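Trainee: I am new to this structure. Could you take me through it in short steps?

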Amino acid sequence: MSKESEKQRWQRNFADLLQELRVAQTGVQILFAFLLTLPFSSGFTRVSAFQRDVYIVALLSAAAATAMIISPVAFHRALFRQGRKPELVRFAHRMAGGGLAFMLVSMVSAVLLITDFVLHRGMALVLSALTALWFLTLWAFLPFARRNWGEDDIDDDDDDPQVRSGD
């Protein structure tokens, strides 16, 4: 089995990243679509000023997440066949991270909006904080804690050091 070239590694990293973005894109687009339709539902007229503000945060952060998660496609189109795959992978890596951060804000805001509508504010805040902690645990704490586990056991060239460090 031969080692892959640097060009092949960048190609693989980009393909892996695009697959990850496809998963995130589906989730954020469903959330964004839900948020876009919400003001047109009959019960939306009963929301409080706080709930309306939370809705705006959820909507705008879903829009930002959508833009960031889809942006590598536009960037790829602009750089197509220019031999700038390393630049594209680094850009897509940053956009994926930013998109996930906005997606987290949007999802937690959506939970806060819905729970505040159906429960008391205190309970809504507790459930939303627990939701944020859950997402942060699965999306940030565990992955970062796991980064160096088993490095000696497996020769896995999944990530280039420059991509990992965000360079």
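Trainee: Does Ser 106 count as buried or exposed?
Mentor: This is a predicted model. Ser 106 sits in helix H3. A residue is buried when its relative accessible area is under 20%. Because Ser 106 has 0% relative accessibility, it counts as buried.

Trainee: Which residues is Ser 106 in contact with, leaving aside its neighbours within four places in sequence?
Mentor: Contact here means heavy atoms within 4.5 Å. With those neighbours set aside, the partners of Ser 106 are Leu 31, Leu 35, Ala 58, Ser 61 and Ala 62.

Trainee: Which residues of H1 are buried?
Mentor: Helix H1 covers residues 6-37. Its reach from first C-alpha to last is 46 Å, close to the 46 Å expected. The buried residues in H1 are Arg 9, Trp 10, Asn 13, Phe 14, Leu 17, Leu 21, Ala 24, Val 28, Leu 31 and Leu 35.

Trainee: Which helix gives the most to the largest nonpolar core?
Mentor: That core has 14 residues, and Leu 35, Leu 38, Phe 44, Tyr 55 and Leu 113 touch the most other members. H1, H2 and helix H3 (85-118) each supply at least two residues of this core. The top contributor, with five residues, is H2.

Trainee: What is Leu 113 in contact with, leaving aside its neighbours within four places in sequence?
Mentor: Leu 113 is among the residues that touch the most other members of the largest nonpolar core. Apart from those sequence neighbours, Leu 113 contacts Leu 38, Gln 51, Val 54 and Tyr 55.

Trainee: How many residues are in the second, separate core?
Mentor: Its members include Leu 17, Leu 21, Ala 24 and Val 28. Those four also appear among the buried residues of H1. The size of this second core is nine residues.

Trainee: Where does H2 bend?
Mentor: Helix H2 runs over residues 49-79 and has 31 residues. Its reach is 45 Å, close to the 45 Å expected at 1.5 Å a residue. The bend is about 35 degrees, and Pro 72 follows within four residues of the bend site, Ile 70.

Trainee: What pattern does the chain follow along the sequence?
Mentor: The chain has five helices and zero strands. Read along the sequence, the pattern is α-α-α-α-α.

Trainee: What share of the residues of the chain counts as buried?
Mentor: The chain exposes about 10,600 Å², with carbon and sulfur atoms supplying 64% of it. Being buried takes under 20% relative accessible area. Of the 167 residues, the buried share is 32%.

Key: Residues are numbered from 1 along each chain as its sequence is written. This is a predicted model: local features need pLDDT of at least 70, side-chain atom pairs count only at pLDDT 80 or more; totals for chains, interfaces and linings use all residues. Side-chain values use heavy atoms; hydrogens and water are left out. The expected span of a helix is 1.5 Å times one less than its number of residues. The bend at a residue is the angle between axes fitted to the seven residues ending there and the seven starting there. Buried means under 20% relative accessible area, exposed over 50%, partly exposed in between (1.4 Å probe, protein chains only). Accessible areas come from the Shrake-Rupley method with a 1.4 Å probe; for residues, only the protein chains shown count as cover. A nonpolar core is a set of buried Ala, Val, Leu, Ile, Met, Phe, Trp, Tyr and Cys residues joined through side-chain atoms within 4.5 Å.
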